[in-house]
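This report considers selected strands, helices and charged side chains of a single model. The sequence and the coordinates are shown first.

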Amino acid sequence: MVYCFYSDNASIISIPMKLSIITINYNNVDGLRKTINSVISQTFRDFEWIVIDGGSTDGSKDLINQYVEYFSYSISEPDSGVYNAMNKGIKQSKGEWLLFLNSGDALYDAHVLEKVFIDTPCADIIYGNYLMSNGILRIPEKEDNITLFYFFRGTIPHSGGSFIKKELFNKYGLYDESLKIISDWKWFMQVVGFEGARIKKIELTLSLFDTSGMSSTMIYEKEEEGEKVIKNIIPKRIYKDYLNYRRFVDLAIEKENAIRHSWSYRIGHFLLFPSRFAKKIKSLLTK
């Protein structure tokens, strides 16, 4: 889908599509329905929509067929994982910007895309706030605070939380399919942390994020993959800084836990917040 218009000399000039939305799904028909409803309600329409299903058997394919008129491309076939599916979507995309919106995630309201593209910031990656399905609003750091060191402890929002220029994937490559959980974090760290891609945070809540996904539930596996990535791609001298940072964080957490379990902390907490303490005691007694 490429929009065209005729110039005075009757030659056709192609105008690149503004946005490609890429949705991946596997056996999550209810989540996919939520995602679909949030996209078809958008007031901004200059986008194509690509749906990559991993060969679902739960009715997802029937749902995709039901809404096929909304998709510029859709396929249902086995894949080798989340990032293999995302890479399939990237290869099919024609938009200037890419938005990954996995099944279960949803755009925050019907005007999100219109608000983002009414005055597009000069950047390679645009990101914003997102509301988690447990009700917690996540407010990422502003762009000036996103350094290589920042990626030791966090990342830029991905599914539903960021708009990425397609040309970055052409220049720096696709997602690493050998990773199962954190390939988007690795990609962001390399492209932003090492290569200095321009990023811009906008003060908008962009999406509702489904916390039942792999990156939210497979915490141990996520940390294990992260350690391997850092050791492999960070220069040795910086890796020493990372190890020092981890030792400092682990020590800080250990000390914080020790303080929280001390009697002086509990007494102080009771004196400062007696009603909260009373509610906690009551809840323990009524269990």
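In this predicted model, K200 touches P121, A123, I125, I126, Y127 and E143, residues up to four places away in sequence being left out of the count. K200 is found in strand β11, which comprises residues 199–209. With a relative accessible area of 33%, K200 is partly exposed, because the value lies between the limits of 20% and 50%. One of the listed neighbours, E143, also makes a polar contact with K200, side chain to side chain, at 3.2 Å. The C-alpha atoms of K200 and F163 are separated by 10.0 Å, and these two residues lie 37 positions apart along the chain.

**Strand β3 and its partners**

Strand β3 is largely enclosed by the rest of the structure, since seven of its seven residues are buried. In a regular strand, side chains alternate between the two faces of the sheet. In β3 both faces are covered: L19, I21, T23 and N25 are buried on one side, and S20, I22 and I24 are buried on the other.

Which strands pair with β3? One is β4, joined to β3 in the parallel sense over seven bridges; here S20 stands opposite E48. From β3 the chain passes through α1 to reach β4, and this β-α-β crossover is right-handed. Strand β6 (residues 97–100) also runs parallel to β3, with four bridges joining the two, and I22 stands opposite F100 of β6.

**Helices α1 and α9**

Helix α1 covers residues 29–40, and its 12 residues should span 16 Å at 1.5 Å a residue; the end C-alpha atoms are 16 Å apart, so expectation and model agree. The buried residues of α1 are V29, G31, L32, T35, I36, S38 and V39. These buried residues pack against β3 (19–25), β4 (47–53), α2 (60–66) and β7 (106–107).

The same check can be applied to helix α9, residues 236–260. For its 25 residues the expected span is 36 Å, and the end C-alpha atoms are 36 Å apart, which agrees. In α9 the buried residues are Y239, Y242 and Y245.

**Salt bridges**

Side chains of opposite charge can pair when their charged atoms come close. How many salt bridges does the model contain? The count comes to nine. Examples are tabulated below.

| Salt bridge | N to O distance |
|---|---|
| D30 and R33 | 3.4 Å |
| E77 and K88 | 2.7 Å |
| E203 and K201 | 3.8 Å |

The pair E77 and K88 links distant parts of the chain: E77 belongs to the loop between β5 (73–76) and α3 (82–92), whereas K88 is in helix α3, and the two are 11 residues apart. E77 counts as partly exposed, at 30% relative accessibility.

D30 and R33 are both in helix α1, and because they are three residues apart, about one helical turn separates them. D30 counts as exposed at 58% relative accessibility, while R33 counts as partly exposed at 36%.

For the pair E203 and K201, is each side buried or exposed? E203 is exposed, with a relative accessible area of 53%, whereas K201 is buried, with a value of 6%.

In addition, K18, E96 and K165 are linked in a network of salt bridges.

Key: Residues are numbered from 1 along each chain as its sequence is written. This is a predicted model: local features need pLDDT of at least 70, side-chain atom pairs count only at pLDDT 80 or more; totals for chains, interfaces and linings use all residues. Side-chain values use heavy atoms; hydrogens and water are left out. The expected span of a helix is 1.5 Å times one less than its number of residues. Buried means under 20% relative accessible area, exposed over 50%, partly exposed in between (1.4 Å probe, protein chains only). Contact means heavy atoms within 4.5 Å. Two strands pair if DSSP finds at least two bridges between them. A crossover is right-handed if, with the strands pointing away from the viewer, the path from the first strand over the helix to the second runs clockwise. A polar contact is a pair of N or O atoms within 3.5 Å; within protein, one must be able to donate a hydrogen and the other to accept it, and residues adjacent in sequence count only if both atoms are side-chain atoms. A salt bridge is a side-chain nitrogen of Lys or Arg within 4 Å of a carboxyl oxygen of Asp or Glu.
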